[in-house]
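The exercises below are meant to be worked with the sequence and the coordinates open side by side. Each task is followed by a solution that proceeds step by step.

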Amino acid sequence: MPDVEENVPPKDPADGERESCKPETSRPTQEDKSSPRPAPDQPPFLSVTGLTEIVDEVSKLSSKIGMNPDYHKEEKTLLPSSLEGKVKETMHNAFWDHLKEQMSAAPPDFSCALELLKEIKEILLSLLLPRQNRLRTEIEEALNMDFLKQKAERGALDVPYLSKYILNMMTLLCAPVRDEAVQKLENVTEPVQLLRGIFQVLGLMKMDMVNYTIQSLQPHRQEHSIQYERAKFQELLNKQPSLLNHTTKWLTKAAADLTMPPPTCPDTADSSSVAGPSPNEATNNSEPLSPSMVLSQGFLNLLLWDPENEEFPETLVMDRTRLQELESQLHQLTILASVLLVASSFSGSVLFGSPQFVDKLKRITRSLMEDFNSRPEEAMLAVSEQVSQEIHQSLKNMGLADLSSDSTASLIIQLQNIAKKENCVRSVIDQRIHLFLKCCLVLGVQRSLLDLPGGLTLIEAELAELGQKFVNFTYHNQQVFGPYYTEILETLMSPAHAQRAKMKSL
């Protein structure tokens, strides 16, 4: 039987279907699925690993609520060619074939059909808002299970009629995005196929309702998440006062980094031509450090964290996996932008003035970069060959002069050199992306996108996505741990400046 759950992405309604028609419906629960449970008693000393295990549940809560305001449930899809997809399809077909046999028997057996109608009724009721009392009463009367059972026992259960009523009710309750799916079901005449389609669309409608509920509760749940995370961390800190040692070292290093000039690459164009104000001009002015500057530098340092360094800030242990994902995305954008910058320097503005051509180069580069971390030289060899071929073909198609043999050879060599960490183009792009992220922390993503530096304009959409994720991450972390950062930063700054710079930004 279908098992459509209330707070998970609905699958094909035949999930969990069995020869037995006893459904395992999960009624709407009063308990918030993401509500915190008390953490187990903590040991006297907490290692970073132990802390990770303790706050794992908090990490999941933060990921879904605190750092992703657009969080929503999505339908889980399986590839038909996958083993899981094949097994699922086989089980679903077996169930619906069994239902068809029951309803086609003489006399018909409506036992499974009744269970399906019971589940449909529960789903429809779960989609109602509290004020929709009239519809609730109507559904209760139209799908009165005692009455339907009596009709089934007499062999008079009119499944097509009930299906038509259910479709009409779905039309009233569904979101506009589901109108087309419901309308298509009106053309289905075979009773079992219609019931199957009804379950599929009802599953999507339940997912829509879950997402609506998540969004409507977002501000309250986010505040709850912040308060809960801070309270749990304070409990740990009370048991282990030295729990902020690594966090203090992290911020101390960030403050020290702001007094040193950034690395430069003498063999390439000036890498300081980053458009938009940089939040870190400590090397070019004598203004005292501010807490926001130190925190911004600290968060950026996390994207360059040495995996061998075990002194990871305690306030960020629960987010380490998320940081690694951001670091991986930043690394991929660095390579992608480097490839595009080198390619554009050889092929000119005509080709790169075409969004279709740029998108094609992006797809080619991404597809060949899957093994970059393990085999960078081989990956960039494949990229260089494919990119040069694409440039050659595109120039030919547009009737433009092809690259000379020397230019082609130079293009391939420069693309292959991107595999080296010390490559100047790659270093410049990496610095510019980091400065863009720093601007995002100070000015916001949209303002930072207004005047991107050379080499980054071709990945504007990708940068916007990365920047928003990074801003959401740092904002939530500061909301939770701001009081602890305040205390640490006040000790790192001069007394005079600490007196002037209040920690309002936290």
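**Exercise 1. A serine in its helix**

In which helix is S338 found? Determine also whether S338 is buried or exposed, and list the residues that S338 touches.

Solution. The model is a predicted one, and in it S338 is found in helix α12. The next step is its accessibility: the relative accessible area of S338 is 0%, and because buried means under 20%, S338 counts as buried. Finally, when residues up to four places away in sequence are not counted, S338 touches I418, V425, R426 and I429.

**Exercise 2. The chain as a whole**

Work out how many helices and strands the protein chain has, and describe its burial, contacts and surface.

Solution. The assignment gives 19 helices and zero strands. Of the 506 residues in the protein chain, 47% are buried. Turning to contacts between residues at least 6 apart in sequence, one finds that 73% join residues at least 24 apart. The accessible surface comes to about 26,600 Å², and carbon and sulfur atoms account for 52% of that surface.

**Exercise 3. Helix α11 and its surroundings**

Check whether the span of α11 agrees or disagrees with the expected value, and then establish how α11 is enclosed and what its buried residues pack against.

Solution. Begin with the length: α11 has twelve residues, which at 1.5 Å a residue should span 16 Å, and since its end C-alpha atoms are 17 Å apart, the two values agree. Next, consider burial, where eleven of the twelve residues are buried, so that α11 is largely enclosed by the rest of the structure. The buried residues include P291, M293, F299 and L302. As a last step, look at the partners of these buried residues, which pack against α10, α12 (320-352), α16 (424-443) and α18 (460-492).

**Exercise 4. Aromatic pairs and a cluster**

Find how many aromatic pairs the whole structure holds, and classify the geometry of W96 with F199 and of F233 with Y484.

Solution. A search of the whole structure finds ten aromatic pairs. For W96 and F199, the ring centres lie 6.3 Å apart and the planes meet at 55 degrees, so this pair is tilted. W96 belongs to helix α3 and F199 to helix α9 (residues 191-239), and the pair therefore ties together parts that are 103 residues apart in sequence. Both W96 and F199 are buried. For F233 and Y484, the ring centres are 5.4 Å apart with planes at 65 degrees, so this pair is edge-to-face, the cut-off being over 60. Here F233 in helix α9 is linked to Y484 in helix α18, 251 residues away along the chain, and both F233 and Y484 are buried. Separately, one aromatic cluster is formed by W250, F299, F470, F473 and Y485.

**Exercise 5. Two partly exposed residues**

Locate M91 and P288, and state what surface patch M91 helps to make and how far the C-alpha atom of P288 is from that of M493.

Solution. M91 is placed in helix α3 (residues 83-104), and because its relative accessible area is 40%, M91 is partly exposed. Together with L83 and V87, M91 makes a nonpolar surface patch of about 290 Å². An α-helix has 3.6 residues a turn, so residues three or four places apart point the same way. P288 lies in the loop between α10 (245-257) and α11 (291-302), and P288 is also partly exposed, with a relative accessible area of 40%. Although P288 and M493 are 205 residues apart along the chain, their C-alpha atoms are separated by 8.6 Å.

Methods:
Residues are numbered from 1 along each chain as its sequence is written. This is a predicted model: local features need pLDDT of at least 70, side-chain atom pairs count only at pLDDT 80 or more; totals for chains, interfaces and linings use all residues. Side-chain values use heavy atoms; hydrogens and water are left out. Patches are made of residues with over 30% relative accessible area and no salt bridge: like charges are joined within 9 Å, nonpolar side chains (Val, Leu, Ile, Met, Phe, Trp, Tyr) within 5 Å. Accessible areas come from the Shrake-Rupley method with a 1.4 Å probe; for residues, only the protein chains shown count as cover. A salt bridge is a side-chain nitrogen of Lys or Arg within 4 Å of a carboxyl oxygen of Asp or Glu. Helices (H or I, at least four residues) and strands (E, at least two) are DSSP runs, numbered from the N terminus. Buried means under 20% relative accessible area, exposed over 50%, partly exposed in between (1.4 Å probe, protein chains only). Contact means heavy atoms within 4.5 Å. The expected span of a helix is 1.5 Å times one less than its number of residues. Rings of Phe, Tyr and Trp (its six-membered ring) pair if their centres lie within 6.5 Å; planes under 30 degrees apart count as stacked, over 60 as edge-to-face and the rest as tilted.
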